[in-house]
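Here is a short set of exercises to work through with the model open in your viewer. Try each task before you read its solution.

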Amino acid sequence: MFRKLKDDIYSVGIIDWHRKLFDELIPLPDGTSYNSYFIKGEEKNAIIDTVEPDFVEDFMDNLDDLGVEKIDYIISNHAEQDHSGSIPHLLKKFPEAEVLSSQKAKPMLLDLLELESDQIRAVEDGETIDLGGRTLEFIDTPWVHWPETMSTYLQEENILFPCDFFGSHLATSDLFVEDEAEVYKAAKRYYAEIMMPFRMIIKKNLAKLEDYEIDMIAPSHGPIYDNPDMILDAYQGWVSDEVKPEVVVPYVSMHGSTKDLINYFISSLIDEGIKVKPFDLTDVDLGDLAISLVDASTVIFGSPTVLTGPHPSAVYAAYLANVLKPKTRYASIIGSYGWAGRMTDKLLDLMPNLKVDLYDPVVAKGHGADEDYQEIDRLVAEIKADLENL
């Protein structure tokens, strides 16, 4: 299957309707796609990115159906195998093709794909190639989300091919964005899970792209943006320093003590008109939790004490928050213990990347006494005061 973006520009990638997990880590509730693009010039032809190698036969069929007889350039914007993995197969069919990558991507491609050095040419930031009537420009856009990533810009058509940048894990028959609300949510999940740790570098990449007139963004996952302002504006908000007056509450409870404290905390926040998003860590979509951390001002972890430390599910949530590096400003812990422990200290030690103001934790012995619930009232009052000043 191939589909036309514009004259002599085609999508030749694959829709993966059934994939449920990415990198054996990230849930994919809506599947994904591996987008590849064929551009025909008056003199030369180029492929921008390839597909997951499990789908290489379907990928080759797409090129055959399109009638592709020559490829001069295989452009690898990103070395990760869901985009580069079919390059060796493509080179077998089109041995005259030259692989073009960023300077940092070349050694990665050699390591990952076992290619020969003379098959790959590293290009410079701002370098161009002429296909005959069409000019491709290479733009260094590192750390979206690997260090070697670049974007390719088709100058005459003002089309940006940014690989993972601006992508969304969304299997859809729509070539272009049709349902903006659906794509916005999928793109925000993608940003939260993959891009958020590199927020400050992405700011610089967005600033760099402001020098380009962009009429279309064709990413490597999800549908194509023929209204690019939609995703550009979304990214500007996500990477900004602004937060929303929302409280995210990832929690787990073993015998009900922590759950009672958390339920009281949630009800008290609602009574004060504060938006709260609780996540029971025994049954949570980590992608939804990650999405909630993109904008939230506050995260409060709930955990009982297991032996002398936090519950493993709370450990996982804290570790996730630490690696994602959200712009959250405030944090604390609510929990309980039976005889002793250092649950709060150990949980906080897992989150050095969170640059937050820390409220005094509320930790009850056993079920929780009146003074523990009074401490939750204190915590709610402090949160309310800070959120009113955002």
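**Exercise 1. The two domains**

Task: Work out how many residues of domain 1 are in contact with domain 2, and how far apart the centres of the two domains are.

Solution. Keep in mind that this is a predicted model.
- Step 1: Start with the contact, where 14 residues of domain 1 touch 15 residues of domain 2.
- Step 2: Place the bounds. The domain assignment puts residues 3-239 in domain 1 and residues 248-383 in domain 2.
- Step 3: Take the centres over C-alpha atoms; they are separated by 39 Å.

**Exercise 2. The sheet of 7 strands**

Task: Find the strand order of the open sheet of 7 strands, and say which strands are at its edges.

Solution.
- Step 1: Follow the neighbours across the sheet to read β1-β2-β7-β8-β9-β10-β11, an open arrangement with mixed pairing.
- Step 2: Look for strands that pair on one side only. These edge strands are β1 (3-6) and β11 (120-123).
- Step 3: Going from one strand to the next, the twist averages 25°.
- Step 4: Zoom in on β9 (residues 73-76) and β10 (residues 98-102), which run parallel and are joined by 4 bridges. Serine 76 has serine 101 in β10 as its bridge partner.
- Step 5: Add the helix. α4 (residues 105-113) lies across β9, β10 and β11, and runs at about 125° to β10.

**Exercise 3. The sheet of 5 strands and an unusual loop**

Task: Describe the open sheet of 5 strands, then inspect the backbone of the loop between β13 and β14.

Solution.
- Step 1: The order is β12-β13-β14-β15-β16, and the pairing is mixed.
- Step 2: β12 (128-130) and β16 (216-217) each have a single partner strand, so one side of each is left without a neighbour in the sheet.
- Step 3: β13 and β14 are antiparallel and share 5 bridges; glutamate 137, for instance, has tyrosine 153 in β14 as its bridge partner.
- Step 4: Recall the usual backbone geometry before checking the loop: most residues other than glycine have a negative phi, and most peptide bonds are trans.
- Step 5: Tryptophan 143, in the loop between β13 and β14, has a positive phi of about 65° although it is not a glycine.
- Step 6: Histidine 145 is also found in the loop between β13 (135-140) and β14 (150-154). The peptide bond that joins valine 144 to histidine 145 is cis, with omega about 15°.

**Exercise 4. A β-α-β unit**

Task: Determine the handedness of the unit made by β17, α8 and β18.

Solution.
- Step 1: Check the strands: β17 (residues 244-251) and β18 (residues 275-280) run parallel, with 6 bridges between them.
- Step 2: Pick one pair as a landmark, such as tyrosine 251 with its bridge partner aspartate 280 in β18.
- Step 3: Trace the path from β17 through helix α8 (residues 257-271) to β18; the unit is right-handed.

**Exercise 5. Two crossing helices**

Task: Classify the packing of α5 against α9 and describe the residues that meet there.

Solution.
- Step 1: The axes of α5 (residues 180-195) and α9 (residues 286-295) come within 8 Å and cross at roughly 85°.
- Step 2: Angles of 65 to 115 degrees count as roughly perpendicular, and α5 and α9 are therefore roughly perpendicular to each other.
- Step 3: The α5 side includes Lys185, Arg189 and Tyr191, while the α9 side includes Asp288, Ile291 and Val294.
- Step 4: Sorted by class, the contact of α5 with α9 has 5 nonpolar, 1 polar and 6 charged residues.

Methods
Residues are numbered from 1 along each chain as its sequence is written. This is a predicted model: local features need pLDDT of at least 70, side-chain atom pairs count only at pLDDT 80 or more; totals for chains, interfaces and linings use all residues. Side-chain values use heavy atoms; hydrogens and water are left out. Axes are lines fitted to C-alpha atoms, for helices over the stretch in contact, and angles run from 0 to 180 degrees between N-to-C directions. Angles under 35 degrees count as roughly parallel, over 145 as roughly antiparallel, 65 to 115 as roughly perpendicular and the rest as oblique. Contact means heavy atoms within 4.5 Å. Ala, Val, Leu, Ile, Met, Phe, Trp, Tyr, Cys and Pro count as nonpolar, Asp, Glu, Lys and Arg as charged, and the others, Gly among them, as polar. Two strands pair if DSSP finds at least two bridges between them. A crossover is right-handed if, with the strands pointing away from the viewer, the path from the first strand over the helix to the second runs clockwise. Domain bounds come from an automatic or database domain assignment.
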